[in-house]
Amino acid sequence: MRRPKMSLWVDKHCPKSLEKLDYHEEQALQLKGLVKQGDFPHLLVYGPSGAGKKTRVMCLLRELYGSGTERLRIEKLEFHTASKKRLDITTISSNYHIEVNPSDVGIYDRIVVQELIKNAAQAQQFDVNGQRSFKVIVITEVDNLSKSAQHALRRTMEKYVSTCRLILIANSTARVIPAIKSRCLGIRVAAPSIEMISITLQNICRKEGLNMPNELGMKISNASGRNLRRAILMTEACKVKQYPFTNNQEVVVPDWEIYIAKTATMAVQEQSPQCLQNIRERIYELLTHGIPAEIIFRGLLKNLVKNCDGQLKAQVTYYAADYEEQLHKGSKQIFHIEAFLAKFMALYKSFLQEMN
Amino acid sequence: MEGFLKTGKLGSNAGSSGKSRAKADADERRSKAPWVEKYRPKTVEEVVAQPEVVSVLQQVLSKGADLPNLLLYGPPGTGKTSTIMAAARQLFGDLYRERVLELNASDERGIQVIREKVKQFAQLAASSERPDGKKCPGFKIVILDEADSMTKQAQSALRRTMERESKSTRFCLVCNYVSRIIEPITSRCAKFRFKPLSKEQLIGRLEMIANEEGVTVGDGAIEAVITTSGGDLRRAITCLQSCSRLKNKELPVEKEEVVELMGVVPGNWIHELLEVTATKNYDKVDAFVNNILLEAYSASQIMLQLHDRILDKDDLNDESKAVVCEKIAICMAALERGADEYLQLMALMCTMMYVF
């Protein structure tokens with residue numbers, strides 16, 4: 001008996017092969033050509049979140065090794081630092097590839113990178129004719145790797161090139177050191193356009209047997225910020241909320257976005273130590289829910305500048321960038337977010353006083 | 001991980017004679033090897049440019065002159081590692097394994113390793129005769145690759161070892177930034193700066209490789225490879241190989257593909273960026289920055305190209321150029337430290353709006 005699958009649409013309708021990708025077809029063809037030659041260099045796949053990086057990598061692996069790459073298992077690996085500290089890291093692997101996110105272990109990521117690649121790369125394939133002569137190591141969130149881990153990758157990548165290939169996935173190449181960039185084939189995955197998202201949403205709804213009005217599709221696509229994963233999740237949330245769809249239906253926006261917007265409004269309405277105190281609690285709330293600090297900064301800035309005129313906008317942006325940068329030097333994020341809001345209050349108050 | 005490590009099936013064609021198969025395997029592996037490895041210079045004479053270090057090494061090789069401790073530094077892809085590797089191979093031949101200790105950033109290189117492993121290796125005596133009675137240099141070489149990522153403490157631990165064992169051991173440090181090597185080490189070494197390769201040298205090498213590999217290159221493609229790689233030969237070669245792999249062998253490599261693969265932002269985006277800033281409309285700038293980042297262009301690359309553009313801009317006086325360039329420098333440094341791309345780019349654009 002087949003049980004109905006209880007998976008999210010995002011996973012259910014994720015394309016499984018390179019031919020079925022919905023956009024960037026030309027790139028998919030190129031990737032296919034790359035695999036056909038039986039070999040490929042190390043890859044650095046980069047693009048904003050929700051653009052389909054991981055989907056493309058999985059398709060590529062499938063094209064390489066066949067459907068065996070879909071039989072995944074989760075494994076916990078154990079590493080030891082020089083000072084005998086134990087590190088646990090979760091990996092997802094099939095017989096042909098292993099996927100790991102070394103930044104899970106924080107500053108010890110270098111050890112994971114060194115040990116994992118050496119272990120995997122030193123085991124050679126016995127039979128070159130039976131299958132590919134190399135295995136693939138997928139490393140995600142490369143832009144969050146520490147500098148020392150990235151340096152550790154450099155020579156290792158060259159040394160073990162005959163037995164393993166690395167696929168590095170990053171949101172942006174800005175934080176990847178040039179030495180790594182020069183050793184990889186960069187694959188840029190741009191975010192899909194609004195129209196593309198809308199078409200994809202229509203396709204998914206058709207497969208689900210739902211009727212999706214065009215206008216709603218466009219509305220969701222616009223609200224998603226060109227993030228396909230988010231768009232699909234939002235569509236599913238809309239469906240749960242109200243079906244059949246109507247054109248003027250409210251699009252479900254993630255609640256933390258509303259929360260940030262409200263926090264920003266508070267800072268605009270009242271500039272006092274008391275208000276700052278209230279805001280602090282709200283920021284703590286956001287941070288404990290795992291919203292990354294840079295997202296909070298972006299969200300605050302976007303909402304704050306709505307109430308400012310030209311000159312002030314530039315100033316607020318300047319300080320946002322400044323405080324966000326400082327955040328990376330320290331370890332407590334709350335200080336820097338709060339400092340930014342206090343600065344904004346001071347700026348805004350003097351601006352209001354000048355007006356009067 | 002277990003399964004991942006031992007998936008190799010036993011050879012199906014075990015009947016064929018092992019030796020010829022091993023050779024075929026080796027041939028196949030060689031044909032698939034990255035061109036960077038394939039065309040790495042095998043002898044010191046083959047090294048492109050860098051006449052100073054080549055002449056010193058030739059003296060050692062041909063006349064048996066004494067080899068000083070070496071410190072090779074220069075930008076990536078100029079042949080530092082290749083040179084010393086080739087020299088070591090020529091010096092020792094099959095004794096390479098016993099006489100050369102190669103450590104790079106992927107190996108554990110804390111103070112502990114320097115104290116134990118390096119010191120022990122350095123203390124071994126080296127005879128000036130091979131087992132078969134032929135002459136060979138009476139010393140060993142320790143190659144410390146990527147030495148700038150060694151800690152200060154580890155470097156200090158090297159100091160005395162370098163002097164005391166000078167009878168039997170030579171050290172060769174390879175690094176990108178000589179400023180990150182502590183003074184006492186630099187004063188113990190003969191320093192050689194590796195210059196970025198000139199255009200003609202790059203063209204010569206690339207055309208040679210293209211010929212060997214049977215790759216046809218379209219008009220201006222080599223030019224594009226060279227301008228985007230900025231004198232980094234490894235990057236140029238990787239780029240050429242990637243381009244040729246992404247498509248059919250018969251079709252020539254085109255300029256546009258090179259630009260795309262190297263992650264260069266197309267000129268019209270930069271042009272548009274300048275136009276948008278000239279409107280001095282914050283919302284338009286905001287939308288534009290969002291868009292360009294969603295296209296997965298990296299902020300640091302945008303800033304680099306913007307910098308070139310600003311320098312050539314005629315309608316800007318020197319003072320404003322200086323202001324913008326300074327801001328670019330600040331933002332790039334912030335990005336390097338891990339700051340958010342959106343915020344930094346916005347801060348830069350705000351400064352530009354103010355200046356224009």
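This passage describes helices, helix pairs and selected residues in chains A and B of a predicted model.

In chain B, the secondary structure amounts to 18 helices and five strands. Of the 356 residues in this chain, 52% are buried. When contacts in chain B between residues at least 6 apart in sequence are considered, 74% of them join residues at least 24 apart.

Two helices of chain B were examined for length, burial and capping. Helix 12 of chain B comprises 13 residues (residues 233-245), which at 1.5 Å a residue should span 18 Å; the end C-alpha atoms are 18 Å apart, in agreement with that expectation. Twelve of the 13 residues of helix 12 are buried, and the helix is accordingly mostly covered. The buried set includes the apolar residues B:Leu233, B:Ala236, B:Ile237 and B:Leu240, and among its other members are B:Arg234, B:Gln241 and B:Arg245. The N-terminal end of helix 12 of chain B is capped by B:Asp232, a side-chain oxygen of which lies 3.1 Å from the backbone nitrogen of B:Arg234. B:Arg234 is thus both a partner in this cap and one of the buried residues of the helix.

Helix 18 of chain B (residues 341-355) contains 15 residues, for which a rise of 1.5 Å a residue predicts a span of 21 Å; the separation of its end C-alpha atoms is 21 Å, which agrees. Because 13 of its 15 residues are buried, helix 18 of chain B is largely enclosed by the rest of the structure. At the start of this helix, a side-chain oxygen of B:Asp340 comes to within 3.4 Å of the backbone nitrogen of B:Tyr342.

The packing of helices was examined for one pair in each chain. Two packed helices are described by the angle between their axes and the distance between the axes. In chain B, helix 16 (residues 299-312) and helix 17 (residues 318-336) have axes that come within 10 Å and cross at roughly 165°. This angle, being over 145 degrees, makes helix 16 of chain B roughly antiparallel to helix 17 of chain B. The crossing of the two helices is left-handed. Helix 16 contributes B:Ala299, B:Ser300, B:Met303, B:Leu304, B:His307, B:Ile310 and B:Leu311 to the contacts between them. These residues meet B:Lys321, B:Val324, B:Cys325, B:Ile328, B:Cys331, B:Met332 and B:Leu335 in helix 17.

B:Ile328, located in helix 17 of chain B, has a relative accessible area of 5% and is therefore buried. Leaving aside neighbours within four places in sequence, B:Ile328 is in contact with B:Met303, B:His307 and B:Leu348. B:Met303 and B:His307 belong to helix 16 of chain B, whereas B:Leu348 falls within the range of helix 18 of chain B, residues 341-355. Between B:Ile328 and B:Asp145, which are 183 residues apart in sequence, the C-alpha separation is 32 Å.

In chain A, helix 10 (residues 255-269) packs against helix 12 (residues 293-304) at an angle of about 55°, and the axes are 9 Å apart. Helix 10 and helix 12 of chain A are therefore oblique to each other, and helix 10 passes helix 12 in a right-handed crossing. On helix 10, the contacting residues are A:Trp256, A:Ile260, A:Ala261, A:Ala264, A:Ala267 and A:Val268. Their counterparts on helix 12 are A:Ile295, A:Ile296, A:Gly299, A:Leu300, A:Asn303 and A:Leu304.

Backbone conformation was considered at two loop residues. Most residues other than glycine have a negative phi. A:Arg226, although not a glycine, has a positive phi of about 55°. This residue lies in the loop between helix 8 (214-223) and helix 9 (228-241) of chain A, and A:Arg226 counts as buried because its relative accessibility is 9%. B:Ala296, likewise not a glycine, has a positive phi of about 70°. The loop that holds B:Ala296 runs between helix 15 (282-294) and helix 16 of chain B. With a relative accessibility of 5%, B:Ala296 also counts as buried.

Two further residues of chain A were examined. A:Ser103 is placed in the loop between strand 4 (97-100) and helix 4 (109-122), where its side chain forms a polar contact of 2.7 Å with that of A:Asn101. Beyond residues up to four places away in sequence, A:Ser103 touches A:Asp109, A:Glu141, A:Asn144 and A:Leu145. A:Ile180, in helix 6 (residues 178-181) of chain A, is buried, with a relative accessible area of 0%. With the same exclusion of sequence neighbours, A:Ile180 touches A:Gln150, A:Leu153 and A:Leu168.

Terms used:
Residues numbered from 1 in each chain as written. Chains lettered and ligands numbered in written order. Predicted model: local features only at pLDDT ≥ 70, side-chain atom pairs only at ≥ 80, totals over all residues. Heavy atoms only, no water. Helix = DSSP H or I, 4+ residues; strand = E, 2+ residues; numbered from the N terminus. Expected span 1.5 Å × (residues − 1). Buried < 20%, exposed > 50% of the residue type's maximum accessible area, 1.4 Å probe, protein only. Polar contact = N/O pair within 3.5 Å; in protein donor to acceptor, adjacent residues only side chain to side chain. Axes fitted to C-alpha atoms, helices over the stretch in contact; angles between N-to-C directions. Parallel < 35°, antiparallel > 145°, perpendicular 65-115°, else oblique. Left-handed = near helix turned anticlockwise from the far one by under 90°. Contact = heavy atoms within 4.5 Å.
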